[in-house]
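This report examines selected features of a single protein chain. The sequence and the structure are shown below for reference.

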Amino acid sequence: MSKYAEVIYPKDDNNSYPLKLSKYLYNRFIKDYHIDGTPKILDIGCSTGKALKRFGQCGDLSLHGVDIRDERVEDIDFRVCNIESERLPYPDNYFDFVYSKSVLEHVINTDNFLKEALRVLKPGGWFIGLT
């Protein structure tokens with residue numbers, strides 16, 4: 001881990017912010033979203049999948065994540081993808097929710113990122129992008 005990451009993201013197992021954020025987003029956007037079956041959420045740039053796991057603590061969700069690095073996260077359908085130059089490895093209109101936090105500001109080809117996020121999002125679904 002770089003010095004920057006150690007300073008900005010210190011190891012803090014008691015940090016409640018990530019779970020509070022997931023609970024807020026779940027309650028605001030996902031909880032009352034009416035669909036048949038289990039809602040599917042994709043985290044673009046999921047890294048180690050911590051955000052997805054926290055969403056999973058909030059309710060019954062089908063968890064999917066993509067990242068440029070091969071993290072292979074347990075209990076998550078994880079796939080490697082370079083969102084700047086590749087298509088997301090999912091069919092059109094597949095996800096109820098597409099989530100991405102602190103990724104877009106690092107992407108040069110934002111057109112592909114957004115085009116692909118919207119391609120895999122179902123009509124009426126939610127894109128939740130935080131920077």
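The sections that follow treat the nonpolar cores, the aromatic rings, two buried polar residues and the cysteines.

**Nonpolar cores**

The model is predicted. Its largest nonpolar core contains 18 residues, of which L25, I30, I41, F55, L61 and Y99 touch the most other members. Two or more residues of this core come from each of the elements α2 (17-30), α3 (50-58) and β4 (95-101). The greatest contribution is that of α2, with five residues. The surroundings of L25 illustrate the packing: beyond its neighbours within four places in sequence, L25 is in contact with I30, F55, Y99, I128 and L130. A separate core of 15 residues lies apart from this one, and its members include V66, C81, V107 and V120. In soluble globular proteins, nonpolar side chains tend to be buried together.

**Aromatic rings and charges over them**

Six aromatic pairs are found in the whole structure. One of them joins Y90 and F95, and it is classed as edge-to-face because the ring centres are 4.8 Å apart and the planes stand at 80°. Both partners are buried: Y90 has a relative accessible area of 5%, and F95 has a relative accessibility of 0%. Y90 and F95 also belong, together with Y94, to one aromatic cluster. The ring of Y94 has a charged residue over its face, since K40 lies there at 4.7 Å from the ring centre. A further arrangement of this kind involves R28, which lies over the face of F29 at 4.8 Å from the ring centre.

**Two buried polar residues**

R119 is located in helix α4 (residues 110-120) and is buried, with a relative accessible area of 13%. Its contacts, not counting residues up to four places away in sequence, are R87, L88, Y90, P91, D92 and N93. Y90 thus appears both in the aromatic cluster and among the residues that R119 touches. R119 and Y94 are separated by 25 residues in sequence, while their C-alpha atoms are 8.5 Å apart.

D67 belongs to strand β2 (residues 62-67) and is buried, with a relative accessible area of 8%. Leaving aside its neighbours within four places in sequence, D67 is in contact with G45, C46, S47, F78, R79, V80 and C81.

The side chains of R119 and D67 reach backbone atoms at the following distances.

| Side chain | Backbone atom reached | Distance |
|---|---|---|
| R119 | oxygen of Y90 | 3.0 Å |
| D67 | nitrogen of S47 | 2.8 Å |
| D67 | nitrogen of R69 | 2.9 Å |

**Cysteines**

How many disulfides does the model contain? The count comes to zero. Why does C46 not form one? The closest cysteine sulfur to that of C46 is in C81, at 11 Å, which is too far for a bond, given that a disulfide requires two cysteine sulfur atoms within 2.5 Å. For C58, the closest cysteine sulfur is in C46, at 17 Å, and this distance is likewise too far for a bond. The two residues also have their own accessibility classes: C46 is buried, with a relative accessible area of 6%, whereas C58 is partly exposed at 22% relative accessibility. C46 and C81 are both in contact with D67, and C81 is in addition a member of the core of 15 residues.

Key: Residues are numbered from 1 along each chain as its sequence is written. This is a predicted model: local features need pLDDT of at least 70, side-chain atom pairs count only at pLDDT 80 or more; totals for chains, interfaces and linings use all residues. Side-chain values use heavy atoms; hydrogens and water are left out. Helices (H or I, at least four residues) and strands (E, at least two) are DSSP runs, numbered from the N terminus. Buried means under 20% relative accessible area, exposed over 50%, partly exposed in between (1.4 Å probe, protein chains only). Contact means heavy atoms within 4.5 Å. A polar contact is a pair of N or O atoms within 3.5 Å; within protein, one must be able to donate a hydrogen and the other to accept it, and residues adjacent in sequence count only if both atoms are side-chain atoms. A nonpolar core is a set of buried Ala, Val, Leu, Ile, Met, Phe, Trp, Tyr and Cys residues joined through side-chain atoms within 4.5 Å. Rings of Phe, Tyr and Trp (its six-membered ring) pair if their centres lie within 6.5 Å; planes under 30 degrees apart count as stacked, over 60 as edge-to-face and the rest as tilted. A charge sits over a ring if NZ of Lys or CZ of Arg is within 6 Å of the ring centre and within 35 degrees of the ring normal.
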